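User: I am new to this structure and would like to learn how to read some of its features. Where should we begin?

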Amino acid sequence: MSTVQVMLGNRSYPIRIRPGSLGDLGEALVSEFEAARAVAVTSKRVAALHYGALATGLARVNLALDRLLVPDGERAKTLRVASSVYDRLIELGATRQTVLIGLGGGASCDLAGFVASTFLRGLPLVQVPTTLLAQVDASVGGKTAVNHALGKNLIGTFYQPRLVWVDPDVLATLSPRERRAGMAEVIKVAAIWDADFFKWLEENSVSLLRLERTALAECVSRACGIKAEVVGLDEREAGLRALLNFGHTLGHAVEVVNGYRHVRHGEAVALGMVFAARLSERRGLAPSGTSARLEGLLARVGLATEIADLPGQRAAYLRALAVDKKGTDGALSFVVLREIGRAELLRLTPEEILAEVA
Ligand SMILES: NC(=O)c1ccc[n+]([C@@H]2O[C@H](COP(=O)([O-])OP(=O)(O)OC[C@H]3O[C@@H](n4cnc5c(N)ncnc54)[C@H](O)[C@@H]3O)[C@@H](O)[C@H]2O)c1
Ligand SMILES: [Zn+2]
């Protein structure tokens with residue numbers, strides 16, 4: 001078992017990572033916070049694959065467990081679904097001692113977190129992420145959210161879980177496409193923060209794609225460790241945490257221009273990172289070859305690196321970027337690389353970002 005500690009004073013919590021651990025969560029709930037009862041929020045699809053192991057483990061220690069099914073994926077992240085979960089929690093007689101478990105991808109975890117942070121002003125939350133993206137990103141850091149018709153993640157809270165329980169073995173049932181998309185966020189944290197880890201990824205990409213147990217567990221631990229460290233330094237995104245948005249400015253625009261349904265978030269982030277790395281080199285901020293190395297690693301795990309028809313859709317990209325503008329100078333906080341393993345923020349207008357796109 002490897003443990004990554006998220007250091008946030010009296011809200012600190014452990015992320016426990018071990019292959020095959022899904023069935024052992026019950027013991028941890030009883031020993032670590034004397035839980036008597038739990039409710040799992042999950043989707044039918046994830047439940048069919050992984051709820052059994054979780055439930056068996058909780059039954060072994062006589063922990064009462066109820067299951068609340070929510071729509072799969074992004075469709076779970078609405079106020080309507082949150083409201084229906086509140087209804088069920090009231091029917092079940094949930095109290096502030098009831099542990100809420102988010103079991104699933106980032107969408108289920110975000111919804112579970114949002115409900116846990118608001119119901120009875122806060123239920124103890126345990127995240128059990130089952131996608132690579134959720135294991136290294138969504139379940140770490142305490143951002144919770146549901147979507148609004150006018151935008152993603154517009155309604156949410158900062159609310160830290162009490163425990164994150166990661167079993168990398170559950171990734172075996174994930175589609176290769178979802179796995180690749182998750183790898184984009186892994187490569188992201190290495191690129192902005194940890195050159196050694198980046199090198200390790202270059203050396204171990206084949207083992208990771210083959211889902212070799214030890215490599216995968218190390219990969220998840222190291223990626224979680226970086227996110228935990230950054231969040232510990234800047235919980236509310238006053239500065240450093242914004243570096244985690246590397247690749248996300250253009251990535252978000254790729255999602256908007258192509259439609260969220262057609263491109264996975266991680267795929268868009270991969271494209272955005274390459275764009276940002278090239279821009280960094282062009283502006284003389286990063287040594288030449290930085291972007292090529294990033295592209296090489298992304299390609300090795302099967303991620304695309306060229307945005308299709310960027311010049312042809314320049315106007316659409318400009319519009320998408322303009323929506324993200326923060327502050328009054330018309331500029332965005334854009335994450336640039338200084339080298340592999342080190343990043344910084346730059347204020348750039350949408351026009352400056354797309355300057356080289358003719
Ligand atoms: N809170 C944060 O800090 C944070 C950070 C990053 C992303 N997010 C959010 O996370 C969401 C994306 O998460 P995601 O990429 O995990 O997508 P997702 O939650 O939509 O899951 C993708 C699909 O994978 C399926 N799935 C999950 N686990 C599986 C498994 N083990 N085997 C087979 N199928 C499985 C799900 O049923 C779903 O259909 C977005 O809503 C995003 O906003 C939040
Ligand atoms: Zn992301």
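Analyst: We begin with a definition: a residue is buried under 20% relative accessible area, exposed over 50%, and partly exposed in between. Aspartate 309 has a relative accessible area of 48%, so it is partly exposed. Bear in mind that this is a predicted model.

User: Where does aspartate 309 lie?

Analyst: Aspartate 309 is in the loop between helix 11 (290-300) and helix 12. Its backbone deserves a look as well. Most residues other than glycine have a negative phi. Aspartate 309 is not a glycine, yet its phi is positive, about 50 degrees.

User: What is the phi of asparagine 153, and is that residue buried or exposed?

Analyst: Asparagine 153 has a positive phi, near 55 degrees, and is likewise a residue other than glycine. It belongs to strand 8 (residues 151-158). With 38% relative accessibility, asparagine 153 is neither buried nor exposed but partly exposed.

User: How should I read a metal site? Which residues coordinate the zinc ion (ligand 2)?

Analyst: Look for the donor atoms, then for where their residues sit in the chain. The zinc ion (ligand 2) is coordinated at 2.0 to 2.1 Å by Glu185 through OE, and by His248 and His265 through NE2. The spacing of these donor residues in sequence is E-x62-H-x16-H. Glutamate 185 is in helix 6 (residues 176-193) and histidine 248 in helix 9 (residues 248-258), so this pair ties together parts 63 residues apart in sequence. Glutamate 185 is buried, at 2% relative accessible area; histidine 248 is also buried, at 17%.

User: Helix 9 carries one of those donors. How does helix 9 cross helix 12?

Analyst: For a helix pair, read the angle and the distance between the axes, then the residues in contact. The axes of helix 9 and helix 12 (residues 314-323) cross at roughly 120 degrees and come within 9 Å. Perpendicular pairs run from 65 to 115 degrees and antiparallel ones are over 145, so helix 9 is oblique to helix 12. Their crossing is right-handed. Residues of helix 9 including Leu250, Val254 and Val257 meet Ala316, Tyr317, Ala320 and Leu321 in helix 12. By class, this contact has nine nonpolar, two polar and no charged residues.

User: At what angle do helix 3 and helix 4 pack?

Analyst: Helix 3 (residues 79-91) and helix 4 (residues 106-118) pack at about 55 degrees, their axes 10 Å apart. They are therefore oblique to each other, and helix 3 passes helix 4 in a right-handed crossing. Among the residues that meet are Val85 and Leu89 in helix 3 and Phe114 and Thr118 in helix 4. The residues of this contact comprise nine nonpolar, one polar and no charged.

Methods: Residues numbered from 1 in each chain as written. Chains lettered and ligands numbered in written order. Predicted model: local features only at pLDDT ≥ 70, side-chain atom pairs only at ≥ 80, totals over all residues. Heavy atoms only, no water. Donors = N, O, S within 2.8 Å, 3.2 Å for Na, K, Ca; no water. Helix = DSSP H or I, 4+ residues; strand = E, 2+ residues; numbered from the N terminus. Buried < 20%, exposed > 50% of the residue type's maximum accessible area, 1.4 Å probe, protein only. Axes fitted to C-alpha atoms, helices over the stretch in contact; angles between N-to-C directions. Parallel < 35°, antiparallel > 145°, perpendicular 65-115°, else oblique. Left-handed = near helix turned anticlockwise from the far one by under 90°. Contact = heavy atoms within 4.5 Å. Nonpolar A, V, L, I, M, F, W, Y, C, P; charged D, E, K, R; others polar.
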